[in-house]
Amino acid sequence: MIRVVLADDEQLTRQAVASLLSLEPDLEVVADVDDGSKALLAIAEHRPDVVVLDVEMPALDGLKVLEMIDTKAIMLTRHARPGVLRQALSLGAKGFLAKTAPAALLADVIRRVHAGMRYVDPEFAAEALAENPCPLTDRELEVLRMVDDSRTAPDIARALNLSAGTVRNYVSSAMTKLGAKTRAQAARMARDNGWI
């Protein structure tokens with residue numbers, strides 16, 4: 001039996017996947033949990049052969065969990081962004097699959113990963129290979145890395161030893177290059193593409 005821990009914050013999705021996987025004669029879902037913190041506890045308690053993680057979860061997202069474990073992992077997502085795919089693979093994910101994939105495919109991917117192979121959804125792989133290069137300078141990326149809801153331009157300026165006006169100029173330049181309407185949108189776009 002291949003022992004599986006399943007972590008997904010969407011209850012209906014998690015329960016449906018757990019039920020469908022339980023129909024497979026060689027797979028056993030030993031735990032299903034709704035956030036990353038609980039996933040870590042379940043992994044420690046059950047010592048699964050494979051863990052299936054939703055990329056986006058509360059408490060700790062799937063990528064953060066992936067950083068903290070050495071269990072073979074498959075990432076599930078609704079919206080695969082090339083940067084997230086690259087990050088997951090660099091953190092050791094052995095599989096990357098759309099939540100819309102058939103249960104039979106997920107079961108097959110679990111078996112492949114358990115056997116030491118990898119699987120990346122072909123559409124996600126094609127998107128990652130066709131990705132545009134980063135149009136931003138290193139300094140623009142450095143400034144966007146610091147952008148969040150709580151930091152003002154003067155806060156970022158102090159942290160980077162720049163003037164507030166210079167920070168605003170870098171943010172404005174990045175927004176223009178990315179076609180973003182706000183600095184938060186520019187930072188999110190850079191994160192989604194794996195540039196920061």
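Where is the place of Asn 161? In this predicted model, Asn 161 sits in the loop between α8 and α9, and its phi is near 55°, a positive value in a residue other than glycine. Because its relative accessibility is 72%, and exposed means over 50%, Asn 161 counts as exposed. A second residue can be read in a similar way: Arg 47, placed in the loop between α2 (36-46) and β3, has a phi near 50°, again a positive value in a residue other than glycine. With a relative accessibility of 64%, Arg 47 also counts as exposed.

From these loops one can turn to the part of the chain that carries an annotation. According to UniProt, in an unreviewed entry, residues 3-114 hold the feature "domain: Response regulatory". Over this stretch the chain is 46% helix and 24% strand, and the C-alpha atoms at its ends are 10 Å apart.

Within that stretch, the UniProt record, again an unreviewed entry, places the feature "modified residue: 4-aspartylphosphate" at Asp 54, a residue that belongs to strand β3 (residues 50-54). Is Asp 54 buried or exposed in the model? Its relative accessible area is 4%, and since buried means under 20%, Asp 54 is buried. Setting aside residues up to four places away in sequence, Asp 54 touches Ala 7, Asp 8, Asp 9, Gly 62, Leu 76 and Lys 99. In addition, the side chain of Asp 54 reaches the backbone nitrogen of Glu 56 at 3.3 Å.

The strands β4, β5 and β6 can be followed in order. Strand β4 (residues 72-77) pairs with β5 in the parallel sense over 4 bridges, and in this pairing Thr 77 stands opposite Ala 98 of β5. Together with helix α4 (residues 82-90), β4 and β5 make a right-handed β-α-β unit. In strand β5 (residues 95-98) itself, Gly 95 and Leu 97 point one way while Phe 96 and Ala 98 point the other way, and all of them are buried. On to the next strand, β5 and β6 (residues 119-120) pair in the parallel sense over 2 bridges, with Gly 95 standing opposite Tyr 119 in β6. Here the chain crosses from β5 through helix α5 (residues 103-114) to β6, and this β-α-β crossover is left-handed.

Further along the chain there are helices to consider. In helix α7 (residues 138-146), the residues Glu 140, Leu 141, Val 143, Leu 144 and Met 146 are buried, and what covers the buried residues of α7 includes α8 (153-160), α9 (164-178) and α10 (183-192).

Arg 183, which lies in helix α10, offers a detailed view of this region. Its relative accessibility of 26% falls between the cut-offs of 20% and 50%, and Arg 183 therefore counts as partly exposed. Leaving aside neighbours within four places in sequence, Arg 183 is in contact with Leu 144, Val 147, Asp 148, Arg 151, Thr 152, Ala 153, Ile 156, Val 171 and Met 175. Which backbone atoms does the side chain of Arg 183 reach? One is the backbone oxygen of Asp 148, reached at 3.4 Å, and another is the backbone oxygen of Arg 151, which lies 2.3 Å from a polar atom of the Arg 183 side chain. As for the wider layout of the model, the C-alpha atoms of Arg 183 and Val 30, 153 residues apart along the chain, are separated by 43 Å.

Conventions
Residues numbered from 1 in each chain as written. Predicted model: local features only at pLDDT ≥ 70, side-chain atom pairs only at ≥ 80, totals over all residues. Heavy atoms only, no water. UniProt positions renumbered as here; feature names shortened; annotations may be inferred. Buried < 20%, exposed > 50% of the residue type's maximum accessible area, 1.4 Å probe, protein only. Pairing = 2+ DSSP bridges. Right-handed = clockwise from strand over helix to strand, strands pointing away. Contact = heavy atoms within 4.5 Å. Polar contact = N/O pair within 3.5 Å; in protein donor to acceptor, adjacent residues only side chain to side chain.
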